[in-house]
Amino acid sequence: MHREKLLEMIINEAHDCESYLIEMRRYFHMHPETMYDEENTASYIEKELTNIGFSPVRVAGTGITAILKGNNKGKTIGLRADMDALNITEKNEKSYVSKIPGKMHACGHDAHMACLLGAARILWKFKDNLIGNVKFIFQPAEEGGAGAYKMINEGVLDDVDEIFGLHVWSPLESGKIGLCPGPIMASSDMFEITIKGKGGHAAFPHLCIDPSAIVPDIYDAFQKILTREIDPLEPTVISIPVFKGSNAHNVIPSKFTLQGTIRTLNPTIRKYIIKRMHEVLKGYAEAWRCKAKLKFIEPSYPTVINDEELTEKISELLDPLGPITSIPPSMGGEDFSFFQQKVRGVFLFLGIKNIEKGILNPHHHPNFDIDEDILWKGAAIYSILGFKNFNVDF
């Protein structure tokens, strides 16, 4: 079969399964489950894959994989969709609103699963044209649980040559495909600082060693690392939104705790910032007779770095779906980065912002929603990438 003919058939089939994609997405949206608790979600995916003809395999607890083997030898392409929801109470008033109190698909993982299931149907239908293999990877616990890392440790990538991930993207206009060679999403490190002193009555600070007294200085000094020691053209963030000290206006605490995150696009810069944070904290603590500890909370996500050659190649493959646009890197984190540390890979975005439909809210917002008119395109993207080995031009 000629390349253009196969592309046309894939796109037409993606349109034809639009109602199926919407049905899948809404089911997942109404039944959200958070990291490593995706039991119902996993069972539902297993049922759908089995109905198509696959033999799904459980991995990493609630993760699912399935393999489609082509008639001719070639690379094995991995296609990944994340599964977990967030601990957010949904405020939308749609027919498919979350039925689980306090939990919501507020990042679009429901759409990712639907699109990958749609691609599984499409690829199965045209499997006689497949060269190499396609591995479908439904991954649990992206939202802080490093499900990708756990899947890798259980051998999910041992037979994969290249991997692709898709994420619906609220800053991008609906239907646009966003690509970025090189770093596209930041490393994500969570940290906790504990400062210990000597507590007492707030009216007698001279009898105490007040750990809260040095907190503003430490906060300010960390920001100076970025503004005075890092190239201004290097995207970096240190945010410290959690401060925990005394629970009373007249009590100096014996311990003060801060929690925050570091985001960088450059692994070398990341190492330098961490080193300087340790040094700054130690210096201030010793100067004011406190004891301080900086602890990083696992898992830390590396930078998502797209293979540049592969990014250029898939831009050509996806051109018939258009429009394709170059997007700037994001300071958000993603554990797809763990996959990319093992095999070549590309993480790409699919726009969902639709002003006319009122779909404007950012990811992790209680009113987050997607433009369902793009679901067919997500399924088509996965399917075209699955057929990447079709011939030398494809």
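This passage walks through helix packing, aromatic pairing and some backbone features of a predicted model.

We can begin with the helices, and with the place where helix 4 (residues 109-125) meets helix 10 (residues 375-386). Their axes lie 8 Å apart and enclose an angle of about 55°. At that angle, helix 4 is oblique to helix 10. The crossing of these two helices is right-handed. On the side of helix 4, the contact is made by A111, H112, C115, L116, G118, A119, I122 and L123, and on the side of helix 10 by L375, G378, A379, Y382, S383 and G386. Sorted by character, the residues of this contact comprise 9 nonpolar and 5 polar ones, with no charged residue.

Helix 4 also packs with helix 3. Here the angle is about 15° and the axes are 10 Å apart. Because angles under 35 degrees count as roughly parallel, helix 3 is described as roughly parallel to helix 4. This crossing, too, is right-handed. Helix 3 contributes T41, I45, E48, L49 and I52, while M113, L117, A120, R121 and W124 come from helix 4. The contact of helix 3 with helix 4 holds 7 nonpolar residues, 1 polar residue and 2 charged residues.

A further packed pair is formed by helix 6 (residues 215-229) and helix 7 (residues 267-287), whose axes are 10 Å apart at an angle of about 145°. Helix 6 crosses helix 7 in a right-handed manner. The residues that meet are D217, I218, A221, F222, I225, L226 and E229 in helix 6 and Y272, I273, R276, M277, V280, L281 and Y284 in helix 7. In the contact of helix 6 with helix 7, 11 residues are nonpolar, none is polar and 3 are charged.

Attention now turns to the aromatic residues. A pair of aromatic rings is described by the distance of the centres and the angle of the planes. Across the whole structure, a search finds 14 aromatic pairs. One of them joins W169 and F349, which are stacked, with 4.0 Å from centre to centre and 5° between the planes. This pair bridges distant parts of the chain, as W169 sits in strand 5 (residues 162-173) and F349 in strand 16 (residues 344-353), 180 residues apart. Both W169 and F349 are buried. The two rings also belong to one aromatic cluster, together with F336, F339 and F347.

Another aromatic residue, Y36, is found in the loop between helix 2 (18-30) and helix 3 (39-52). With a relative accessibility of 29%, Y36 counts as partly exposed. Beyond its neighbours within four places in sequence, Y36 is in contact with A60, T62, P140, A141, G145, A146, G147 and K150. By contrast, 27 Å separates the C-alpha atoms of Y36 and I381, which are 345 residues apart along the chain.

A60, one of the contacts of Y36, leads on to the backbone. Most residues other than glycine have a negative phi, and most peptide bonds are trans. A60 is not a glycine, yet its phi is positive, at about 55°. Its place is the loop between strand 1 (57-59) and strand 2 (63-69). A60 counts as buried, because its relative accessibility is 1%. H364 likewise has a positive phi without being a glycine, in this case about 70°. H364 lies in the loop between strand 16 and helix 10. At 37% relative accessibility, H364 counts as partly exposed.

Cis peptide bonds complete the account of the backbone. E298 and P299 are joined by a cis bond with omega at about 5°, and P299 is part of strand 13 (residues 291-301). The bond from G322 to P323 is cis as well, with omega near -15°. P323 is placed in the loop between helix 8 (308-317) and strand 15 (324-326).

Notes:
Residues numbered from 1 in each chain as written. Predicted model: local features only at pLDDT ≥ 70, side-chain atom pairs only at ≥ 80, totals over all residues. Heavy atoms only, no water. Axes fitted to C-alpha atoms, helices over the stretch in contact; angles between N-to-C directions. Helix = DSSP H or I, 4+ residues; strand = E, 2+ residues; numbered from the N terminus. Parallel < 35°, antiparallel > 145°, perpendicular 65-115°, else oblique. Left-handed = near helix turned anticlockwise from the far one by under 90°. Contact = heavy atoms within 4.5 Å. Nonpolar A, V, L, I, M, F, W, Y, C, P; charged D, E, K, R; others polar. Phe/Tyr/Trp six-rings, centres within 6.5 Å; stacked < 30°, edge-to-face > 60°. Buried < 20%, exposed > 50% of the residue type's maximum accessible area, 1.4 Å probe, protein only.
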